[in-house]
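Let's take a relaxed walk through this protein, piece by piece. Keep the picture beside you as you read.

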Amino acid sequence: MTKPIQVRFWGTRGSTPAPIGAGTIREKIIRAIGQARGRAFETDEEIAQFVEGLPMSVGGYYGGNTPCVEIKGGEEYVICDAGTGIRDFGHSLAPGAEGSTFHIFMSHFHWGHIQGFPFFAPAYAPGNLIRIYGFHGGMERAFEHQQACAHFPVPLQSMGAKVQFVRLKPGRDYHIGGFTVRGIEQRHPGVSYGYRFERDGKAIVYSTDAEHKTSYESAAREDSYPFIDFFRDADLLIFDAPYDWSEAVLAKDDHGHSDYTAAVELSVRANVKRLCMFHSEPTHTDERLDMLLDDARNYLKIRTNHTGHPLKIDLAYDGLVVEV
Ligand SMILES: [Zn+2]
Ligand SMILES: [Zn+2]
């Protein structure tokens, strides 16, 4: 039996943080109590069970942190992207824990993917080593700029931990933090990169900020589309899918993101076992996200002729833990 790999989503929102206000929380409580009308709960466990069964739009919140995903199971910390979710990840670690190594894999350097780093507590602990990996040139400059004195009081070089930048090349296998890691270039303004992590015969793919066009003449429909191979047999695919089909094709064409039909299509063709839709649109409410998840699950049923296809689909939320 191989040890399971745990994937924890610390930030799942695209582009900009999207916290909810007191009014929305109040509405959720009113709706939850409304749905409990006429029921009697003897114990706290019964209440917890009832809340567990509510849709996220009533009993939860998809979250407001920008992208940050932790992949556990290797010898050291492995993180994808440094959005605001990395702040919560940093605070989850034992205070004063020094001498740790963190491997942070960057999809690209749009602000939503780096903005949490100045608030990453382990970066202030001398003795920690933080290695930041990416494929773009100018990685260090992007991190330095956001901590220049006009924007932030502590320069990158004064944080305390040793911060190193490592430039990778796509298509090559690297052995980092206990995983075999490979990258692929993705369609996005300024291009982005997806990562495939393998260990003990399991594969996790982190592929955000990527536009897969699904029109009839598009390359994504070809068997030779390189992402089919890159996603092949993945135990978990984390896939940028903030839109529905018409948004992707009409309003958001060339914005650099994909829709749930592309997520499902590519997952089915690549024999992915579990799909997590990711990088939620910051203007979408929890109701809208519940609907997108339902639509994606229904699309899978139609696409596979109601044959009970085993692909499991979720919409990632801050705090979700997936074990593969
Ligand atoms: Zn993004
Ligand atoms: Zn981006």
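## Before we start

Here is a bit of vocabulary: two strands count as paired if DSSP finds at least two bridges between them. With that in hand, look at strand β8 (residues 179–186) and strand β9 (residues 192–199), which pair in the antiparallel sense over seven bridges. Within this pair, I184 sits opposite G194 of β9. Keep in mind that what you're looking at is a predicted model.

## Two domains

How is the protein divided up by the domain assignment? Domain 1 takes in 6–19 + 61–323, while domain 2 covers 22–58. If you go from the C-alpha centre of domain 1 to that of domain 2, you travel 31 Å.

## The sheet with β1 and β14

Now for an open sheet made of seven strands, with mixed pairing. Reading across, the order is β6-β5-β4-β3-β2-β1-β14. The edges belong to β6 (162–167) and β14 (321–323); each has a single partner strand, so one side of each is left without a neighbour in the sheet. On average, neighbouring strands here are turned by 20° against each other, if you ignore direction.

Let's zoom in on part of that sheet. Strand β1 (residues 6–11) pairs with strand β2 (residues 68–72) in the antiparallel sense, using five bridges. Which residue of β2 is the bridge partner of F9? That's V69. V7, meanwhile, stands opposite I71 in β2.

## A hairpin and a helix lying across

On we go to β2 and β3, which run antiparallel and are joined by two bridges. E70 has I79 of β3 as its bridge partner. The hairpin of β2 and β3 has four residues between the strands, and in this hairpin G73 takes a positive phi near 130°.

There's a helix to spot here too. Helix α4 (residues 85–92) lies across β1, β2 and β3 (77–80). Its direction is at about 120° to β1.

## The sheet from β7 to β13

The strands β8 and β9 from the start belong to another open sheet of seven strands, again with mixed pairing. Its order is β7-β8-β9-β10-β11-β12-β13. At the edges you'll find β7 (174–176) and β13 (312–315), each pairing on one side only. From one strand to the next, the twist averages 25°.

Two helices lie across strands of this sheet. One is α8, which lies across β11 (236–240) and β12 (274–278) and runs at about 160° to β12. The other is α9, lying across β12 and β13 and running at about 165° to β13.

## How α8 meets α9

Two packed helices are described by the angle between their axes and the distance between the axes. For helix α8 (residues 260–269) and helix α9 (residues 286–303), the axes come within 9 Å and cross at roughly 40°. Are they parallel or oblique to each other? Angles under 35 degrees count as roughly parallel, and α8 and α9 are therefore oblique. Their crossing is right-handed.

Who makes the contact? On the α8 side it's Y260, T261, A263, V264 and V268. On the α9 side it's L292, D295, A296, Y299, L300 and R303. Sort the residues of this contact by type and you get eight nonpolar, one polar and two charged.

Methods
Residues numbered from 1 in each chain as written. Chains lettered and ligands numbered in written order. Predicted model: local features only at pLDDT ≥ 70, side-chain atom pairs only at ≥ 80, totals over all residues. Axes fitted to C-alpha atoms, helices over the stretch in contact; angles between N-to-C directions. Parallel < 35°, antiparallel > 145°, perpendicular 65-115°, else oblique. Left-handed = near helix turned anticlockwise from the far one by under 90°. Contact = placed C-beta atoms within 7 Å. Nonpolar A, V, L, I, M, F, W, Y, C, P; charged D, E, K, R; others polar. Domains from an automatic or database assignment.
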